[in-house]
Amino acid sequence: MTAMIELRPARASDYETATRWLAAAGLPTADLSAVRMDAFLLATDQDRPIGMIGLEPYAQFGLLRSLIVDPEYRGKGLGAKLIAALEAKATAAGVAELWLLTLDADAFFTRHGYAVRQRDAAPTAIRNSAEFASLCPGDAVLMQKRLGPD
């Protein structure tokens, strides 16, 4: 990993790259649009996208979505850096709890303070999100983390 890694808000011009990348990873893209790219943070290495994470805020709740790290950069702390940046963004926006759905990254998120929850424990706003209601399969693992002081 080079020293040129930067985190920045995603832009509308990142839409095509982001959706291609997310689709290749099997992550939902149907509810994304160029206008909504500002909900994502993008990690770049010399302007090449290498990681991404998104936030859908719903008042005090937020849906963490679409964490993806280029295979070349996995295991080097980039995922943790993206999560920390998203959690800071969520806290600044007044989000007190982050929720997420995952098919295969529950062990990773557990290491970052997220706990598995029953699907019926999700707040209504999260249950009504497109990702929860229709884009993610029903067997996806639901996880939650409280932000801020315990």
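**A first look at the fold, its pocket and a few single residues**

With a relative accessibility of 54%, Gln46 counts as exposed, since it is over the 50% cut-off. Everything described here comes from a predicted model, and Gln46 makes a handy way in. Gln46 sits in the loop that links β2 (40-45) to β3 (48-58). Its backbone stands out a little too: phi of Gln46 is near 50 degrees, a positive value in a residue that isn't glycine.

Ser66 shares that backbone feature, with a positive phi of about 60 degrees although Ser66 is not a glycine either. The setting is another matter. Ser66 is part of strand β4, and at 7% relative accessibility Ser66 counts as buried because that value is under 20%. So one positive phi belongs to an exposed loop residue, Gln46, and the other to a buried strand residue, Ser66.

Stepping back to the whole chain, the protein has five helices and seven strands. Going along the sequence, they come in the order β-α-β-β-β-α-β-α-β-α-α-β. The C-alpha atoms take up a box of roughly 40 × 35 × 30 Å along the principal axes. For 150 residues, a compact globule would be expected to have a radius of gyration near 15 Å, and the protein's 15 Å agrees with that. Of those 150 residues, 45% count as buried. The protein exposes about 7600 Å², and carbon and sulfur atoms supply 53% of that area. Among contacts with a separation of 6 or more, 68% are between residues 24 or more positions apart.

Gln144 gives a close-up of such long-range pairing. Gln144 belongs to strand β7 (residues 141-146), and with a relative accessibility of 7% Gln144 counts as buried. Along the chain, Gln144 and Leu100 are 44 residues apart, yet their C-alpha atoms are separated by 6.5 Å. Leaving aside residues up to four places away in sequence, Gln144 touches Glu97, Leu98, Trp99, Gly113, Tyr114, Ala115 and Arg117.

Asn128 offers a contrast to Gln144. Asn128 lies in the loop between α4 (124-127) and α5, and a relative accessible area of 57% makes Asn128 exposed. Here a shorter stretch of sequence goes with a wider gap in space: Asn128 and Ala140 are 12 residues apart in sequence, with 15 Å from C-alpha to C-alpha, whereas Gln144 and Leu100 are 44 residues apart and separated by 6.5 Å.

Then there is the empty space. Rolling a probe the size of a water molecule over the atoms shows where such space is left. The largest pocket has a volume of about 690 Å³. Its lining is made up of 32 residues, and those nearest the centre are Leu27, Leu67, Thr102, Asp104 and Ala105. Elements that give two or more residues to this lining are β4 (61-69), α2 (78-92), β5 (97-102), α3 (106-110) and α5 (130-135). Of these, β4 gives the most, with six residues. By residue type, the lining of the largest pocket divides into 20 nonpolar, six polar and six charged residues. Strand β4 therefore turns up twice in this account, as the biggest giver to the pocket lining and as the strand that holds the buried Ser66.

Note on methods:
Residues numbered from 1 in each chain as written. Predicted model: local features only at pLDDT ≥ 70, side-chain atom pairs only at ≥ 80, totals over all residues. Heavy atoms only, no water. 1 Å grid on protein atoms, 1.4 Å probe; cavity = no way out; pocket = protein on both sides within 12 Å on 5 of 7 lines; lining within 4 Å. Points joined across faces, edges and corners; volume = space filled by probe spheres on them. Helix = DSSP H or I, 4+ residues; strand = E, 2+ residues; numbered from the N terminus. Nonpolar A, V, L, I, M, F, W, Y, C, P; charged D, E, K, R; others polar. Rg over C-alpha atoms; globule rule 2.2 N^0.38 Å. Buried < 20%, exposed > 50% of the residue type's maximum accessible area, 1.4 Å probe, protein only. Contact = heavy atoms within 4.5 Å. Areas by Shrake-Rupley, 256 points an atom, 1.4 Å probe, with all protein chains shown as cover.
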